[in-house]
Amino acid sequence: MDPDGIDRRGFLALTGGALICTIAGQEVVADEGKIDVEGLSTQVKVPPKVAAADWRGGEPGIRRLASLGPGGQTREYWIAAEPVEWNIVPTHRDQMTAQKVKYGKTKFAAYGYRAYSAGFKAPLGEASVPGPLIEAEVGDTVVVHFRNKLKAPVTMHPHGIFYANEMDGAYKGKWTDPGGFVQTNRTFTYVWEAQEGTEGTWLYHDHGPMDPLPIFKGLFGPLVIRARGEARPDSEFFLGFHTWDPSITGLKTTYYCVNGKAYAGNTPTLEAHVGQRVAFHVYGVDNFFHTFHLHGHRWKEPDGRIADNKTFGPADSFRVEFTEDNPGRWFYHCHVFQHLHQGMNGWYLVS
Ligand SMILES: [Cu+2]
């Protein structure tokens, strides 16, 4: 790959026949069969600062900690990127239309972020799509020890939170820092700072040399920064809206998903009680515009308008909040009708 190749990497809509991106001098096109991310990654040149970095002890990023000023807590995470066999529609049914989902196989080899206990001693669950929630309050420092167990270089790149340039977790051709190109079996420690003015619902995702392919294979997750001392909602939900494309999964159709799953009864079934303060944290992480629509409810937008449907685009993220006052079995869904009917819907149960 041209070391300045970042300028040449196109990024267009992921539709049949369209260019997805350009990696290692090759145009990656959606209609040319399943994309081989690992194979492509072997053609990407290791950037000079990555090759020259001192990886002994495995954590060149940790030096950043020494320069931090006084603040709140340090929130430490151990997260690995791993292969995971993923079932998009485990029930093979769509409870919204009470019908069978008839596109054949629904399992494929995905990528997921996986949380571990301190020092990567034991996994805290399975690798999942989305990855584990990262949370902090304004004033906190977030330290993420990131280990790559995939066969392609990947990273973690956060939105919203403050970070120094070398903590960006982004591939930049010959200017790439070690955190922007974490090779197989290496560990990099990211240090991010929840400075004043960073509160909100955000996301994190891979931004390595193979971007966007590892994201489309599942490498993304939610990040929330709360105001200092802010009480948590009684019930809160983190919902990533995204698609699984056949060029990524090798499956027969495109699945429009919430948190890796498609169709009510497979997507998250959310529960709350009347009287509770409820928050939905929503983000988009594909090439499409979606809407977040919730039946039987409404909320106040930042501009004061009352809404029950909210449009968002790639990497937009937001939170809607209200006090629950309406019991029943409700739908939440994207209101782009094709997305809704190809899986982007789920249940919200209020007792
Ligand atoms: Cu949509």
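User: Happy to look at this one with you. Where is Pro212 found?

Analyst: This is a predicted model, and Pro212 makes a good starting point. Pro212 follows β11 (200–205) and precedes α3 (213–216), placing Pro212 in the loop between β11 and α3.

User: What is omega for the peptide bond that joins Asp211 and Pro212?

Analyst: Let's stay with Pro212 for a moment. The bond joining Asp211 and Pro212 is cis. Its omega is about 15°.

User: Which peptide bond leading to Pro130 is cis, and what is omega near?

Analyst: Pro130 sits in the loop between β6 and β7 (134–137). The cis bond runs from Val129 to Pro130, with omega near -5°.

User: Is Phe120 buried or exposed?

Analyst: Phe120 lies in the loop between β6 and β7, and its phi is positive, near 60°, though Phe120 is not a glycine. Buried means under 20% relative accessible area. Phe120 has 11%, so Phe120 is buried.

User: And Tyr263, buried or exposed?

Analyst: Tyr263 is in the loop between β14 (255–258) and β15 (270–272). Tyr263 is another residue other than glycine with a positive phi, near 80°. Its relative accessibility is 4%, so Tyr263 counts as buried.

User: What about Lys102, buried or exposed?

Analyst: Look in the loop between β5 (99–100) and β6 (107–116) for Lys102. The cut-off for exposed is over 50%. Lys102 reaches 69% relative accessibility, so Lys102 counts as exposed.

User: What separates the C-alpha atoms of Lys102 and Ala122?

Analyst: Along the chain, Lys102 and Ala122 are 20 residues apart. In space, their C-alpha atoms are separated by 38 Å.

How values were computed:
Residues numbered from 1 in each chain as written. Predicted model: local features only at pLDDT ≥ 70, side-chain atom pairs only at ≥ 80, totals over all residues. Heavy atoms only, no water. Helix = DSSP H or I, 4+ residues; strand = E, 2+ residues; numbered from the N terminus. Buried < 20%, exposed > 50% of the residue type's maximum accessible area, 1.4 Å probe, protein only.
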